[in-house]
Amino acid sequence: MAEQNKLEKIVALCKRRGFIFPGSEIYGGLRGTWDYGPLGTELKFNLKQSWWEYMVHNRENVFGMNASILMNPKVWEASGHVESFTDPLIECKTCNERFRADKSEDIREHEEAHAKKKEKIEWTEPKQFNILVEAKLGVVEGEKTTVFLRGEITQGVHVNFKNIIDSMHPKIPFGLAQIGKAFRNEITPRNFIFRSREFEQMELQTYVKPDESIATDMFNEMKELRLNWYLGLGMNKDKLRFREHEPDERAHYARAAWDIEYETPWGWDEAEGIHHRGDWDLSRHAQFSGQDLSYLDPETNERFVPWVIETSAGVERPLLYFLLDAYCEEKDPTKDGASRIVLKLHPKLAPYKVAVFPLLKNKPELVEKAREIYKELKKHFNVAWDDRGNIGKRYFSQDEIGTPYCVTVDFDTLEKEGDTVTIRDRDTMKQERISVSELKSFIQKSLEQ
Ligand code: ATP
């Protein structure tokens, strides 16, 4: 399967099966926005939950935060975003389409498209374009305040540093984690959900003593931790790599920056970044707000402004990469020559953990037993129910949305002695009989791997 083709197939599957739809589609859409349907919502929720468990609950001295999207506009002056949150913009003089000057792939594609039509192309000089999204707040026309929809979720954490210190008394090093929406007026939203104008981020800000060796150790620990999150959810390790930013590529706040990249159909591209932000954020907010944002170390009695090591991931990019990694087209050995589409998602990410079917729809005793099992499992997992068509079609349908197990209730299930069902594994397509009472722990185990 050609790789670019794979992206198109995933876009089509996401629409067909209720994962992701183009935003505001019935009105012709809104560029760079996407709406999540029932299965996409579950997948996204599972991804965020896995991140939260791994980065917050499983670790010590890490706390959660949830700040407002709308913030006092001074925040963005202090953080440097009003001045420096820019991308270089160039415009094609032939058709007036605008591009990011630092995305050579997009530019080459555009030049090739004109060349095919034997058109000459000339570009304007690059100019810096600020990608903060503005909104107006207030109730009196003409007196409304211009605010920004946050361009990154980071600042909501740093402006609450003092509140956290005063309420939680954390011991350094400690982390503050947040998941939430961010908005960027991207010049060229593209590659499905890879680059959108509205997206979510999952970030951990770790505050350390201002010491280069401590910061380097924390930086390396975070690199390893983040890579292992992807591997733990079954991502192919050959498709992942680290890349260090060139000094002229780093964001205005970063002293060091590495990306985790995935090999996408359009080449290696960013999944997330690990950044050494130094004392940039706290010092700037202290300066602009006039508040003391230093930390008093209770062990040494030293007072200092901590440094920050940040891990900053989007939600949509990893989500897309997990879909790309999981998507397979295979021959189904149980049917001559037939092929199946299967999303080999880790059970933790899969929208449904299991599907329950009665073998036949028109046998009330089978349906009743299957409903009983379905309802019992639903207390613990998100479970699908399907009684349409034949069993083969139901398997096909569940494979395509990544459901790891299908349980079928047949006549043997009704035997008093037996009380067993068949459980079919999505990846191996093998079926085994297990007792109904074992189902919960069987599925639970797959979630703990
Ligand atoms: P790029 O260079 O691709 O524009 P960036 O380096 O500016 O991205 P960061 O500011 O480091 O991105 O943001 C952290 C993470 O947030 C990114 O690694 C990515 O996962 C996600 N992200 C950033 N911009 C977008 C976007 N427009 N759409 C979807 N996710 C995004």
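Me: Which residues are linked with Asp87 and Arg100 in a network of salt bridges?
Reply: In this predicted model, side chains of opposite charge join into a network of salt bridges that includes Asp87 and Arg100. The other members of this network are Asp102, Glu186 and Arg195.

Me: Which residues are the closest to the ligand?
Reply: The ligand is surrounded by 16 residues, and these divide into four nonpolar, five polar and seven charged. Two members of the salt-bridge network, Glu186 and Arg195, recur among the closest residues of the shell. The closest are Glu186, Arg195, Ser196, Glu270 and Ala271.

Me: Which strand gives the largest share of the shell around the ligand?
Reply: Strand S10 (198-208), strand S13 (267-278) and strand S16 (307-314) each supply at least two residues of that shell. With four residues, the largest share comes from S13.

Me: What share of the ligand's exposed area does the protein bury?
Reply: Polar atoms of the protein approach the ligand at several points: a polar backbone atom of Ser196 is 2.8 Å from a ligand nitrogen, and a polar side-chain atom of Arg317 lies 3.1 Å from a ligand oxygen. An N or O atom in the side chain of Gln201 is 3.2 Å from an oxygen atom of the ligand. Taken alone, the ligand exposes 600 Å², and the share of this that the protein buries is 90%.

Me: How many residues apart in sequence are the parts that Arg277 and Glu152 tie together?
Reply: Arg277 forms a salt bridge with Glu152, with 3.2 Å between the closest N and O atoms, and both residues are buried. Because Arg277 lies in strand S13 whereas Glu152 lies in the loop between strand S8 (145-149) and helix H6 (154-158), the pair ties together parts whose separation in sequence is 125 residues.

Me: In the salt bridge of Arg243 with Glu261, is Arg243 buried or partly exposed?
Reply: The closest N and O atoms of Arg243 and Glu261 are 2.8 Å apart, and the pair ties together strand S11 (residues 240-244) and strand S12 (residues 256-264). Glu261, with a relative accessible area of 5%, is buried. Buried means under 20%, and the relative accessible area of Arg243 is 24%, so Arg243 is partly exposed.

Me: Is Arg340, which meets Glu330 in a salt bridge, buried or exposed?
Reply: The side chains of Arg340 and Glu330 meet at 2.8 Å, N to O, and the pair links strand S18 (residues 339-343) with strand S17 (residues 327-331). Since Arg340 has a relative accessibility of 2%, Arg340 counts as buried.

Me: Why is the pair of Phe174 and Tyr207 stacked?
Reply: This pair is one of 17 aromatic pairs in the structure, and the ring centres of Phe174 and Tyr207 are 5.1 Å apart. Phe174 lies in strand S9 (residues 174-183) and Tyr207 in strand S10, while both count as buried, Phe174 at 1% relative accessibility and Tyr207 at 0%. Planes under 30 degrees apart count as stacked, and the pair is therefore stacked because its planes are at 25 degrees.

Me: Which helix holds Tyr321?
Reply: Tyr262 and Tyr321 form a stacked aromatic pair, 4.8 Å centre to centre with 15 degrees between the planes. Tyr262 is buried at 2% relative accessibility, and Tyr321 is buried at 0%. The pair ties together parts 59 residues apart in sequence, because Tyr262 lies in strand S12 and Tyr321 in helix H10.

Terms used:
Residues are numbered from 1 along each chain as its sequence is written. This is a predicted model: local features need pLDDT of at least 70, side-chain atom pairs count only at pLDDT 80 or more; totals for chains, interfaces and linings use all residues. Side-chain values use heavy atoms; hydrogens and water are left out. A residue is near a molecule or strand if one of its heavy atoms lies within 4 Å of it. A polar contact is a pair of N or O atoms within 3.5 Å; within protein, one must be able to donate a hydrogen and the other to accept it, and residues adjacent in sequence count only if both atoms are side-chain atoms. Accessible areas come from the Shrake-Rupley method with a 1.4 Å probe; for residues, only the protein chains shown count as cover. Ala, Val, Leu, Ile, Met, Phe, Trp, Tyr, Cys and Pro count as nonpolar, Asp, Glu, Lys and Arg as charged, and the others, Gly among them, as polar. A salt bridge is a side-chain nitrogen of Lys or Arg within 4 Å of a carboxyl oxygen of Asp or Glu. Buried means under 20% relative accessible area, exposed over 50%, partly exposed in between (1.4 Å probe, protein chains only). Rings of Phe, Tyr and Trp (its six-membered ring) pair if their centres lie within 6.5 Å; planes under 30 degrees apart count as stacked, over 60 as edge-to-face and the rest as tilted.
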